[in-house]
Number of protein chains: 2
Amino acid sequence: MTATKGDTRVRLLETALGLFTEHGVEGTSLQMIADALGVTKAAVYYHFKTKDEITEAVAEPAVAELSSILDRAEALRRHGAQVDYVLDGLVDLVVRNRVLVAVFCSDPGIARAVERSLHGEENVMTRLPAMLVGPDADDATRVAAHVALAGMAMAGGSPALVGMDDESLRRHLADAGRRLLGRPRRRDQALA
Amino acid sequence: MTATKGDTRVRLLETALGLFTEHGVEGTSLQMIADALGVTKAAVYYHFKTKDEITEAVAEPAVAELSSILDRAEALRRHGAQVDYVLDGLVDLVVRNRVLVAVFCSDPGIARAVERSLHGEENVMTRLPAMLVGPDADDATRVAAHVALAGMAMAGGSPALVGMDDESLRRHLADAGRRLLGRPRRRDQALA
DNA sequence: GTCTATACAACGATAGAC
DNA sequence: GTCTATCGTTGTATAGAC
């Protein structure tokens, strides 16, 4: 740890996320990243061939986590259990990475980069709604699933809710998702 | 009607919306707009001082409509009636302008332009959630309102739902919103 | 392997001629 | 109202120093 050498890539990614958060992805130039790191634009270009590659790399850990949530959910037998698992996992992911998610969802640059880059055709962005609605999908369920996904993600990153503590946000987001998808309410924390 | 003169501005706006839809706002350059119109970039700059001004002008009718929905809702006395009115109005607006809404919500350029431009401090983007949660807002309601707003808007513009007919989408979006905000289900079209 | 220097076409934007 | 010409900056790219 504390390796001061060879981790320019890591510092770059951290710096980039900070700048993305402040100015948005398209509002952040390679020059700004380079200046913040104290190097040249070309040095940035050495580590990543393209600006898109930077946005993908920034997004990658969260998307990989989401992907593995979907994998584990697929192993469950009952559809209801799958939905519960994905809902909880997604909410947890969103709450833990509020800032990242806000950048994600509000910027087409990242959205497209993620959509394009991830595991080929069996893409996370298509697996997610598919898993939530299940094989027996009517229109109402499909719409509800899309409202739930987009809503939970964007509400989690919303500036209006930054003041809310993680536990509250997590509980209420999960609650909203379950209500939309017709899952029963949680008993354990019902009176909180 | 069919005024062939002086309406370069209108043609420009229509052209811009078309290009925005196809390539996104940031993916559309002033050059592309100019070329599509058969004029120069500088000619475009005569009609709009800035690219942001174009995106604002493209978005303006829908935002004005939304603003007037909020005005009319404020005139209602019961909070439940206000929520119902805003929900219905918003869903209708979203469904009628699916394409526009998709561009809106997926592009920070437009999002910021709209946020910045509209009626000063008493901004539509802050009035909307405020009206939905009402004065007696607990955390659960606030989260639910944000999930509902973001979800309905983005789901309405989602590519996965473009095939759905307007009536179905309208009904199911409104249904999702009412469920999230604790409003009773509609009786009239309940069996559809 | 890691970086600097330099270049390039395209971008948003401006000034001024017709 | 539209043009040409130009500005600074962007993303991208290559050559070459260490």
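**Close-up 1. Salt bridges and polar contacts between chain A and chain B.** In this predicted model, the number of salt bridges between chain A and chain B comes out at zero. Polar contacts do turn up, though: four residue pairs make them across the interface of the two chains, with both partners at pLDDT 80 or more.

**Close-up 2. The helices of chain A that face chain B.** Four helices of chain A each bring at least two residues to the side that touches chain B: helix 6 (98-106), helix 7 (108-117), helix 9 (139-157) and helix 10 (166-180). Helix 9 of chain A gives the most here, with 11 residues. What kinds of residues make up this side of chain A? The split is 16 nonpolar, eight polar and six charged.

**Close-up 3. How much chain A and chain B cover up.** People often give the size of an interface as the accessible area lost when the parts come together. For chain A and chain B, the buried area is about 2500 Å², and carbon and sulfur atoms give 70% of that. Three residues stand out on the chain A side: Val143(A), Val147(A) and Arg179(A) supply 21% of the area that chain A buries against chain B, more than any other three residues. Counting residues instead, 30 from chain A are in contact with 30 from chain B.

**Close-up 4. The protein around DNA strand C.** Now for the DNA. Which residues are the closest to DNA strand C? They are Thr40(A), Ala42(A) and His47(A) from one chain, plus Lys41(B) and Tyr45(B) from the other, out of 17 residues that surround the strand. Looking from the DNA side, sugar and phosphate account for 62% of the strand C atoms that come within 4 Å of the protein.

**Close-up 5. Phosphate oxygens of DNA strand C and their protein partners.** Thr40(A) uses its side chain: one of its polar atoms there sits 2.2 Å from a phosphate oxygen of strand C. Leu30(B) takes part through its backbone, with a polar atom 2.9 Å from a phosphate oxygen. Lys51(B) also has a backbone N or O atom 2.9 Å from a phosphate oxygen of the strand.

**Close-up 6. The helices at the DNA.** Helix 3 (41-47) of chain A, along with helix 2 (30-37) and helix 3 (41-47) of chain B, each supply at least two residues of the surface near DNA strand C. Helix 3 of chain A gives the most to this surface, with four residues. By type, the residues near the strand are seven nonpolar, seven polar and three charged.

Conventions
Residues numbered from 1 in each chain as written. Chains lettered and ligands numbered in written order. Heavy atoms only, no water. Contact = heavy atoms within 4.5 Å. Buried area = accessible area lost by both parts, 1.4 Å probe. Salt bridge = Lys/Arg side-chain N within 4 Å of Asp/Glu carboxyl O. Polar contact = N/O pair within 3.5 Å; in protein donor to acceptor, adjacent residues only side chain to side chain. Nonpolar A, V, L, I, M, F, W, Y, C, P; charged D, E, K, R; others polar. Near = heavy atom within 4 Å.
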